[in-house]
Amino acid sequence: MKRLVIKDLEKCVGCGLCMYACSRRNARDPEIGVSKSGILAISLSGFERGATIIFCRACSEPPCAQVCPTGAMAPRKEGGVFFKEDLCIACGNCMEACTIGAIFQQENGKPAVCVHCGYCANYCPHGVLAYEEVKS
């Protein structure tokens, strides 16, 4: 199975291109921004401390799916979740249940979560992210 992985976090400069790529892929309208991104690149206080990337780590029994009352967050057999936005009622249970804070709130109140499509890895200019085979 393939998943999004961090290859070398030390190379991350927090440019945000992964966030823009993810948001662009997930937006159903021509909106520009990061509101629909399921990945977050953040600076840890400038170049001295670098940056970090937060995204779903594909739990085998995702707590976000367990607390979803409508089935909008559904577990994938490979780990992680499928997100069905049309079923989502924006209750926020999934965001509260995520133990690593990897589910982000969109402007409409609904969650944005990485579904391990790998699209963002194509836009990482420093080779920080990759979409590759992993063992379960």
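This report walks through the fold, the largest pocket and a handful of residues of one predicted model.

## The overall fold

Let's start with the big picture. The chain is built from 3 helices and 8 strands. Going along the sequence, they come in the pattern β-α-β-β-α-β-β-α-β-β-β. The radius of gyration is 15 Å, close to the 14 Å that the globule rule gives for 136 residues, so the chain is as compact as a globular protein of that length.

If you turn the model around, the C-alpha trace spans about 40 × 35 × 25 Å along its principal axes. Among the 136 residues, 44% count as buried. As for the outside, the chain exposes about 7800 Å², and 52% of that comes from carbon and sulfur atoms. Contacts reach across the sequence too: take those with a separation of 6 or more, and 55% of them link residues 24 or more positions apart.

## The largest pocket

Rolling a probe the size of a water molecule over the atoms shows where empty space is left. Here, the largest pocket has a volume of about 350 Å³. It is lined by 21 residues, and the ones closest to its centre are R25, N26, F83, V113 and V115. Two elements give two or more residues to this lining, namely helix 1 (17–26) and strand 7 (111–113).

What kinds of residues make up the lining? It divides into 12 nonpolar, 5 polar and 4 charged residues.

## Helix 1 and its cover

Helix 1 turns up again when we look at what is hidden. Its buried residues are C18, M19, A21, C22 and S23. An α-helix has 3.6 residues a turn, so residues three or four places apart point the same way. Strand 2 (39–43) and strand 8 (129–133) are included in what covers the buried residues of helix 1.

Now zoom in on S23, which sits in helix 1. Its relative accessibility is just 2%, so S23 counts as buried, the cut-off being under 20%. Setting aside residues up to four places away in sequence, S23 touches G33, V34, S35, K36 and S37.

## S35, a partner of S23

One of those partners, S35, belongs to the loop between helix 1 and strand 2. Is S35 buried or exposed? With a relative accessible area of 15%, S35 is buried. Besides S23, S35 touches Q106, E107 and A112, again not counting residues up to four places away in sequence.

## C94 in helix 3

Further along the chain, C94 lies in helix 3 (residues 93–97). C94 has a relative accessible area of 7%, so this residue is buried. Which residues is C94 in contact with, leaving aside its neighbours within four places in sequence? They are C64, V67, M73, I103 and P111.

For a sense of distance, try C94 and Y119. These two are 25 residues apart along the chain, and their C-alpha atoms are separated by 23 Å.

## Two residues with a positive phi

Most residues other than glycine have a negative phi, and most peptide bonds are trans. A58 goes the other way, with a positive phi near 60° in a residue other than glycine. You can find A58 in the loop between strand 3 (51–55) and helix 2 (63–66). Its relative accessibility is 6%, so A58 counts as buried.

H116 has a positive phi as well, of about 60°, although it is not a glycine. Where is H116 placed? Look in the loop between strand 7 and strand 8. H116 has a relative accessibility of 3%, so it counts as buried.

## D8, partly exposed

Last stop: D8, in the loop between strand 1 (2–6) and helix 1. With a relative accessible area of 27%, D8 is partly exposed. Not counting residues up to four places away in sequence, D8 touches G127 and V128.

How far apart in space are D8 and N122, C-alpha to C-alpha? They are 15 Å apart, while in sequence D8 and N122 are 114 residues apart.

Note on methods:
Residues numbered from 1 in each chain as written. Predicted model: local features only at pLDDT ≥ 70, side-chain atom pairs only at ≥ 80, totals over all residues. Heavy atoms only, no water. 1 Å grid on protein atoms, 1.4 Å probe; cavity = no way out; pocket = protein on both sides within 12 Å on 5 of 7 lines; lining within 4 Å. Points joined across faces, edges and corners; volume = space filled by probe spheres on them. Helix = DSSP H or I, 4+ residues; strand = E, 2+ residues; numbered from the N terminus. Nonpolar A, V, L, I, M, F, W, Y, C, P; charged D, E, K, R; others polar. Rg over C-alpha atoms; globule rule 2.2 N^0.38 Å. Buried < 20%, exposed > 50% of the residue type's maximum accessible area, 1.4 Å probe, protein only. Contact = heavy atoms within 4.5 Å. Areas by Shrake-Rupley, 256 points an atom, 1.4 Å probe, with all protein chains shown as cover.
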